[in-house]
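Q: I have this one open on my screen and would like to go through it with you. Could you take my questions as they come?

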Amino acid sequence: MSITGIKGMNDILPGEVETWQFLEEQARRIFGLYGFSEIRVPVVEKTELFQRSIGETTDIVEKEMYTFRDKSDNSLTLRPEGTAPVMRAFIQNKLHTRDPIAKLYYMGPMFRYERPQKGRYRQFHQIGAEVIGVEDAKIDAQVLTMLAHYFEAVGIVDVELQINSLGCPECRPGYRQALTAFLEDRLETLCEDCRRRYRTNPLRVVDCKVPGCKEATVGAPSVLDHLCGGCTEHFTRVQKHLREVGTAFSINARMVRGLDYYTKTTFEMVTGSLGSQNAVAAGGRYDGLIKDLGGPPLPGIGFAMGVERLALMKGEARIEAARPDLFLAALGEDAARYAFALMSRLQRRGLRTEMDYEGKSLKAQLRRADKLMAKRVLILGEDEMSRRQGQLRTMETSSQESVPLDGIEEFLAAAASPGP
RNA sequence: GUGGGUGUAGCUCAGUCGGUAGAGCACUGGAUUGUGGCUCCAGUUGUCGAGGGUUCGAUCCCCUUCACUCACCCCA
């Protein structure tokens, strides 16, 4: 039995990796337009970092983290998300002393021990962005606009931006109380899960998909009605700024977050085309997090996108692997030796060049050139070698011309069309 | 953690009412000596996921197990 990979941890193979590269390149490009710089942080952190930021009682911390002890008996955890490590790095490196505003983005693997299913894996990848140091609603609108811009840039149109506000430590307890009181009378009609949620996380009940629960919570109090003055004004201004710049959105007052650190604005980019994993990107404001982690009392806002989910949506419009500019088809020892050296020189000149390494028949070599979708083939047989003339075949048109081997390098390099 | 589905050639799958198995694609070779894509011909490949049971005999029936997958939970 050969050794297999770990459940829920996937290889990204040629053919799909091109899509990933595209998604990453576009993120660098778009985020750069908005003034963001990349930050790279380790995949492993002290377990405590996630316990304190994500929240002790969240599912992530309670049962989904890859936690282990190293040889010094420190409790370490494979990062289940990116915001906490970035905040830790921000605080530790005192980035606020360099610039009162930090705009950072990151991309890389995250780890959560869950049962894998479509669009959900144990090692998954996120591209995320964070802004630290701006409280104003303009930055909320800016971050959301950048997110929408990114989706446009990568050509994913089947998505909707939903926003909500979860309030702040001032007003959220009041809402929670009002909601709990409302649900108390209807406990009997709720599903089993929701009766549990009633105790653990009542906000989740209003997000339940079970028809009975949807019905039971029709008249439930809305977060938005319980926001304090400051939070209401902030949320109103976020919407106003989004309209000013023409970023489409809808309000979903029943949207909940799985991490404890969110305050005020929260949002999701949702789609109907991914089965039950309908969120392709999600995020929100976290005004208390940095202080809670021992840093300066600075506000923050950010989001993360699931790369596997983006790739699934992009999937059909697969980005083609680069085709060779030239295939060298050589026949016989001398020609093969010549072709091998020529190939090397052409590659150094920037020409994507391939050849057959095993002395196959011309037919087989052309078949391979065709399979690789090579644009042109230079045929070098014994005749060609003795006459110092190669046959240059343009595959698409099946036309062939004789070209002198003297100066062939310059000729081929000059005539090369730029690759995709 | 819970529930459903699937496991047969490299890939996608068919099949045997129980007698050790096939198709398409792919790959290799050939159809005028050195010319791809279309067509035709030929050829290679499987411990029929693993272990056990019933049986004269199981890939097909029963049990167990593993893997993959989808959904719930939760989430990007």
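A: What follows is a conversation about this predicted model, topic by topic.

Q: Let's start with the RNA, then. Which residues come nearest to RNA strand B?
A: There are 49 residues around RNA strand B, and those that come nearest are Arg120, Arg197, Arg204, Met395 and Ser398. On the RNA side, sugar and phosphate make up 50% of the atoms of strand B that come within 4 Å of the protein.

Q: And what is that surface made of, by class?
A: The surface near RNA strand B has 24 charged residues, along with 13 nonpolar and 12 polar ones.

Q: Which helix gives the most to it?
A: That is helix 13, which supplies 6 residues of the surface near RNA strand B. Helix 13 covers residues 362-371, and among the other elements that each supply at least two residues are helix 3 (59-64), helix 7 (192-200), helix 14 (382-387) and strand 6 (123-132).

Q: What does lysine 363 do there, at the atom level?
A: In the model, a polar atom of the lysine 363 side chain lies 3.5 Å from a phosphate oxygen of RNA strand B. Lysine 7 also has a polar side-chain atom placed by a phosphate oxygen of the strand, here at 3.2 Å.

Q: What about the bases, say with glutamate 114?
A: An N or O atom in the side chain of glutamate 114 is 3.1 Å from a base oxygen of RNA strand B.

Q: Switching to the fold: what is the strand order in the open sheet?
A: The open sheet has 8 strands in the order 1-5-6-11-10-9-7-8, and its pairing is mixed. Strand 1 (37-38) and strand 8 (250-251) stand at the edges with a single partner strand each, so one side of each has no neighbour in the sheet.

Q: How do strands 5 and 6 run, parallel or antiparallel?
A: Strand 5, residues 102-111, runs antiparallel to strand 6, and 10 bridges join the two. Within that pairing, glycine 108 stands opposite glutamine 126, and phenylalanine 111 has glutamine 123 as its bridge partner.

Q: And on to strand 11, how many bridges join it to strand 6?
A: Strand 6 and strand 11 are joined by 7 bridges, again in the antiparallel sense. One of the bridge pairs there puts isoleucine 127 with methionine 305 of strand 11.

Q: Is strand 6 buried or exposed as a whole?
A: It is largely enclosed by the rest of the structure, because 9 of the 10 residues of strand 6 are buried. Glutamine 126 is in this strand, and it counts as buried because its relative accessibility is 12%, the cut-off for buried being under 20%.

Q: What does glutamine 126 touch?
A: Leaving aside residues up to four places away in sequence, glutamine 126 touches Glu81, Gly82, Tyr106, Met107, Gly108, Met110, Ala304, Met305 and Val307.

Q: I also see strands 2, 3 and 4. How do those pair up?
A: Strand 4 (residues 75-78) pairs in the antiparallel sense with strand 2 (residues 44-46) over 3 bridges, and 4 antiparallel bridges join it to strand 3 (residues 66-69). Threonine 77 of strand 4 stands opposite glutamate 45, and is also the bridge partner of threonine 67. Strands 3 and 4 form a hairpin with 5 residues between them, and aspartate 73 in the turn has a positive phi of about 70°.

Q: Now the inside. Which residues have the most contacts in the largest nonpolar core?
A: That core has 43 residues, and those with the most contacts inside it are Phe31, Leu147, Tyr150, Phe151, Phe267, Phe303 and Met305. Helix 5 (residues 137-154) gives the largest share, 11 residues. Apart from this core lies another of 31 residues, including Ile39, Met87, Phe90 and Leu293.

Q: What does phenylalanine 303 touch?
A: Beyond residues up to four places away in sequence, the contacts of phenylalanine 303 include Phe31, Tyr106, Ile127, Val143, Met146, Leu147 and Phe267.

Q: Last one: where is alanine 141, and what does it touch?
A: Alanine 141 is in helix 5, and it counts as buried because its relative accessibility is 4%. Not counting residues up to four places away in sequence, alanine 141 touches Val238, His241 and Leu242. Its C-alpha is also 8.3 Å from that of threonine 247, although the two are 106 residues apart in sequence.

How values were computed: Residues numbered from 1 in each chain as written. Chains lettered and ligands numbered in written order. Predicted model: local features only at pLDDT ≥ 70, side-chain atom pairs only at ≥ 80, totals over all residues. Heavy atoms only, no water. Core = buried A, V, L, I, M, F, W, Y, C linked by side-chain atoms within 4.5 Å. Buried < 20%, exposed > 50% of the residue type's maximum accessible area, 1.4 Å probe, protein only. Contact = heavy atoms within 4.5 Å. Near = heavy atom within 4 Å. Polar contact = N/O pair within 3.5 Å; in protein donor to acceptor, adjacent residues only side chain to side chain. Nonpolar A, V, L, I, M, F, W, Y, C, P; charged D, E, K, R; others polar. Pairing = 2+ DSSP bridges.
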